[in-house]
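Biologist: I'd like to go through this one with you and ask how you back up each label. Could you put it on the screen?

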2 protein chains.
Amino acid sequence: MAKLAGVSQPAVSRAFNPGAPITKEKRDRILAAARELGYVPNVFASSLSRSSSKIVAVISGNLNNPFYSESLQCFVEQIQRTGRQVLAFTVQEDQNSDDVMMQALRYPVDGVVVTSATVTSSMVKLSEGLGIPVIMYNRRVPDANLPSVLCDNEGGAAALARRMHAAGARKFLVLRGDPAGSTSMARVQGFRDALKKLKGAQVEEIDGQSSYAGAYRATVSRFDKPLADWPDAIFGVNDIMAIGCADALRGHFGKKIPDDIMLAGFDGIREAQREPYHLATVRQPIERMVTETLELLDAAKSDEGAPAALRVIQGDMIPGVTIQSRED
Amino acid sequence: MAKLAGVSQPAVSRAFNPGAPITKEKRDRILAAARELGYVPNVFASSLSRSSSKIVAVISGNLNNPFYSESLQCFVEQIQRTGRQVLAFTVQEDQNSDDVMMQALRYPVDGVVVTSATVTSSMVKLSEGLGIPVIMYNRRVPDANLPSVLCDNEGGAAALARRMHAAGARKFLVLRGDPAGSTSMARVQGFRDALKKLKGAQVEEIDGQSSYAGAYRATVSRFDKPLADWPDAIFGVNDIMAIGCADALRGHFGKKIPDDIMLAGFDGIREAQREPYHLATVRQPIERMVTETLELLDAAKSDEGAPAALRVIQGDMIPGVTIQSRED
DNA sequence: TTGTAGGCGTTATCAA
DNA sequence: TTGATAACGCCTACAA
């Protein structure tokens with residue numbers, strides 16, 4: 001009730017909205033009074049009359065994977081920069097991702113970004129009914145064709161496969177991530193397919209829970225026996241798993257990387273480029289992917305009827321030091 | 001407009017509010033119709049009439065420090081579990097934390113949790129005027145007495161100092177974090193004071209920007225000269241800096257930890273307990289600290305006039321392998 | 001248990 | 001440029 005400052009209430013609204021028809025003098029007077037009274041406009045109320053709430057929901061998976069916390073950080077930065085805010089959701093292990101999505105849709109947000117969760121078609125229908133665009137980041141939903149931004153997972157994995165093969169590796173082990181996740185599946189597929197075209201390669205696959213601890217455990221339990229048959233090279237479907245694997249190989253088995261075993265990951269998280277690892281990997285250009293995700297979001301707002309866009313972005317090969325030609 | 005389903009509008013409201021006076025039968029009918037029509041209640045609108053918006057703002061610093069991303073993760077989990085949501089804010093390097101705080105206060109949130117930012121007294125006044133409680137997490141504001149939850153930084157640092165001294169260290173180096181941050185200052189102070197009471201200890205301090213890269217650089221530039229005078233032990237004011245330092249010591253200088261130099265950190269982040277480090281450190285019990293922070297928030301809501309609480313929580317000493325008695 | 005009426009703080013529309 | 005007035009979607013009385 002800053003109109004106790006002697007002006008009408010719409011005038012206050014105009015004072016706070018740049019570009020509204022109001023005298024500079026009057027605006028200044030109102031803003032001064034507001035500062036005096038400790039008044040700030042209520043954004044939720046404004047979102048009622050306005051169509052847009054200036055809030056974007058971001059649904060993340062486990063932030064313990066630095067790829068996701070880096071991504072979230074980036075989303076918050078970029079969204080904040082455009083005068084909007086982030087409503088953050090996470091999907092816990094024991095949680096149904098549909099429930100979380102449902103929660104998010106109860107807010108009249110300007111859009112929902114899904115970085116890690118499966119979206120069922122009923123949720124897609126609901127979001128459409130509500131007119132809230134849903135964009136997939138680093139993920140794709142097979143049936144529903146939602147706008148998606150993702151890295152060329154197949155291509156990147158294939159390039160890593162070729163590098164390791166060229167370096168002399170023949171026996172490969174793949175550490176899979178979330179079995180149901182489109183990202184993990186695409187990378188495994190790309191890796192497998194590339195090896196099929198190369199001579200003498202054989203591949204084994206095990207599950208690593210898509211986490212550091214999962215990969216560590218999987219590595220230990222796979223090789224912790226008297227006459228383990230070691231592979232020449234291991235591909236961790238993401239960096240955090242590759243790091244877990246590296247720590248197990250070195251810490252638990254005393255193996256040397258790449259002398260005893262080559263190793264590669266995927267994502268390009270900071271940790272993987274630090275001293276103990278310098279992991280060979282493919283970097284997902286997070287900054288750019290986030291930018292494009294938000295572009296798709298804005299696009300979805302304007303041209304409703306347009307076909308869902310799918311943006312596939314090339315990752316950057318990072319050589320690292322964990323792939324090296326055999327000398328034997 | 002779900003009242004096209006043949007009932008009054010308040011009935012719909014009651015159907016969605018557990019415990020409201022309505023026949024079970026009618027509620028079911030309404031909920032069914034809602035599902036049919038793809039209707040979900042608008043939370044922002046409800047926050048207008050209701051006093052509470054069910055939204056908590058969390059202002060974080062750089063999420064590249066795992067301590068903060070773990071904390072954020074924990075906040076989101078716990079807040080979500082109580083049927084509320086998190087509006088996430090971050091303070092960038094180039095940003096005024098007051099501006100971010102101001103942004104947050106434009107939303108009629110149920111509270112603001114500040115995990116990394118300085119809060120000026122004018123912001124405190126503003127928040128009081130708006131009736132929005134502000135709680136500090138892992139931080140304290142000297143002048144204003146805001147409710148705060150923090151670890152016993154002095155005590156933890158002192159304990160580490162004593163351990164390293166007992167192991168034979170005499171020449172110490174402290175890697176400071178944010179010079180203006182209360183957390184870094186308290187730890188440095190605690191470390192310094194403890195050493196004063198011990199025999200023959202001398203301390204040098206340098207700045208490490210409170211980040212991995214900053215600590216790495218600081219370590220390199222401090223010792224990258226012909227006849228560097230190496231200390232016996234280094235205390236990184238937080239784990240991420242200690243890790244940066246460790247990587248520099250080993251990768252750049254080929255030093256062994258703890259054989260050549262002892263090392264300790266603070267926070268107890270996961271990364272620091274992994275194979276390459278097993279860092280001696282003091283763990284901040286994040287889960288518990290977050291719980292208490294939210295308790296303070298709820299308390300602030302109810303008893304307005306109460307004196308600001310300050311909860312100091314003991315950290316857990318983690319032995320690690322980076323402090324070890326000298327044999328020479 | 002139900003429906004009617006009024007109000008939450010803001011913006012859009014329209015005359016003035 | 002301004003100020004009334006009517007929404008926006010919901011909730012809290014109040015009365016039925």
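Modeller: Take contacts in chain A between residues at least 6 apart in sequence: 70% of them join residues at least 24 apart. Keep in mind that this is a predicted model.

Biologist: What makes two residues count as a contact?

Modeller: They count because they have heavy atoms within 4.5 Å. By that test, and leaving aside neighbours within four places in sequence, Ala246(B) is in contact with Ile257(B), Leu263(B) and Tyr277(B). Ala246(B) sits in helix H10 of chain B, residues 239-252.

Biologist: Why is Ala246(B) called buried?

Modeller: Buried means under 20% relative accessible area. Ala246(B) comes in at 2%, so buried it is.

Biologist: And how do you know that Cys74(A) and Cys245(A) are buried?

Modeller: Same recipe, really. Cys74(A) has a relative accessible area of 6%, which is under 20%, so it passes. Cys245(A) is at 1%, so it counts as buried too.

Biologist: How many of the residues in chain A are like that?

Modeller: Of its 328 residues, 55% are buried.

Biologist: Back to Cys74(A): how do you know that it is in no disulfide?

Modeller: Well, searching the whole structure turns up zero disulfides over all chains. For Cys74(A), the nearest cysteine sulfur belongs to Cys151(A), 14 Å away. A disulfide needs the two sulfur atoms within 2.5 Å, so that pair doesn't qualify.

Biologist: What about charge in chain A?

Modeller: There are 38 positive and 38 negative side chains, and the centres of the two sets lie 4 Å apart.

Terms used
Residues numbered from 1 in each chain as written. Chains lettered and ligands numbered in written order. Predicted model: local features only at pLDDT ≥ 70, side-chain atom pairs only at ≥ 80, totals over all residues. Heavy atoms only, no water. Helix = DSSP H or I, 4+ residues; strand = E, 2+ residues; numbered from the N terminus. Buried < 20%, exposed > 50% of the residue type's maximum accessible area, 1.4 Å probe, protein only. Lys, Arg positive; Asp, Glu negative; His and termini not counted. Charge placed at Lys NZ, Arg CZ, Asp CG, Glu CD.
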